[in-house]
Amino acid sequence: DLRSDKREGRLITPVFLLIMLSTFAYFVSVGSLIPILPRYVEGPLDGGNAAVGVAIGAFAITAVLLRPIAGRVSDERGRRILIVSGGVLVGLTTLGLVVVDTLAPLIVLRVLTGIGEAFFYVGAASTINDLAPDHRRGEALSLFSLSLYAGLAVGPVLGELVLEGTNSFGTVWVVSAVSALVSGVACIRVPDTRLEEAPNGGDGNGTERAA
């Protein structure tokens, strides 16, 4: 029982480990594109530095703008729907790169990937916060960050190895997509971890000034 684990101060539970592994798989997917996508834009798509910047920035800007909305959805609908839909959306849009041969559709796909990023990250981070006993939240977020940065460390190496071994950008997209899909599908059965009511008497409306 999630609530009894939290009351008893247990942090490392099966659900906690599942979210960490899912987060690792997700950021392996994201990380694998970091060194490869710019080369694809400059090479097969014949784009310049500005095109590379737009392709990378479209993902990041969309993710930043959508995260506040994702947070509200997470509070209203639950964390699981964001983790699953975010991972699946990132996987499908990354897989879509296989058929992209011009810059415009690539940017569209990167915008959609940014939406998936906002959903997955907010859902996963919120779940970790929900699961952690109050006096171990800092520890929980530290462990969560390990899975995130481990994924970002492994991902670029994986992307380079796949490209070097196959000489195929398409294979990199497929490997990255599979990793993202696994991160979402693995959490289909994650239980609802939301608090039953807003802490400190809050009503959940608006933005907390202290925050």
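Guide: Contact here means heavy atoms within 4.5 Å, and the model we are looking at is a predicted one.

Visitor: Okay, which residues in α6 meet which in α7?

Guide: From α6, the residues Tyr121, Ala124, Ala125, Ile128 and Asn129 meet Arg137, Ala140, Leu141, Phe144 and Leu148, which belong to α7. The residues of this contact divide into 8 nonpolar, 1 polar and 1 charged.

Visitor: And how do people describe two packed helices?

Guide: Two packed helices are described by the angle between their axes together with the distance between those axes. In this model, helix α6, which spans residues 103-131, and helix α7, which spans residues 137-166, have axes that come within 9 Å and cross at roughly 145 degrees.

Visitor: Is that crossing of α6 and α7 left-handed or right-handed?

Guide: The crossing of α6 and α7 is right-handed.

Visitor: Switching topic, how many cavities of 30 Å³ or more turn up?

Guide: Searching the whole structure gives 2 cavities of 30 Å³ or more, and the second largest cavity holds about 30 Å³ of space.

Visitor: What lines that second largest cavity?

Guide: Its lining is made of Ser29, Val30, Leu33, Phe59, Val90, Thr94, Arg110 and Thr113, and the elements giving two or more residues to this lining are α2 (14-33), α5 (79-95) and α6.

Visitor: Which element gives the largest share of the lining?

Guide: That is α2, which supplies 3 residues to the lining of the second largest cavity; by type, the lining residues divide into 4 nonpolar, 3 polar and 1 charged.

Visitor: Last thing, how many aromatic pairs are there?

Guide: A search of the whole structure finds 6 aromatic pairs, and one aromatic cluster is formed by Tyr26, Phe27 and Phe120.

Conventions:
Residues are numbered from 1 along each chain as its sequence is written. This is a predicted model: local features need pLDDT of at least 70, side-chain atom pairs count only at pLDDT 80 or more; totals for chains, interfaces and linings use all residues. Side-chain values use heavy atoms; hydrogens and water are left out. Axes are lines fitted to C-alpha atoms, for helices over the stretch in contact, and angles run from 0 to 180 degrees between N-to-C directions. Helices (H or I, at least four residues) and strands (E, at least two) are DSSP runs, numbered from the N terminus. A crossing is left-handed if the near helix is turned anticlockwise from the far one by less than a right angle, and right-handed if clockwise. Ala, Val, Leu, Ile, Met, Phe, Trp, Tyr, Cys and Pro count as nonpolar, Asp, Glu, Lys and Arg as charged, and the others, Gly among them, as polar. On a 1 Å grid over the protein atoms alone, a cavity is a set of points where a 1.4 Å probe fits but cannot get out, and a pocket is an open set with protein on both sides within 12 Å along at least five of seven lines; lining residues have an atom within 4 Å of a point. Grid points are joined across faces, edges and corners, and a volume is the space filled by probe spheres set on the points. Rings of Phe, Tyr and Trp (its six-membered ring) pair if their centres lie within 6.5 Å; planes under 30 degrees apart count as stacked, over 60 as edge-to-face and the rest as tilted.
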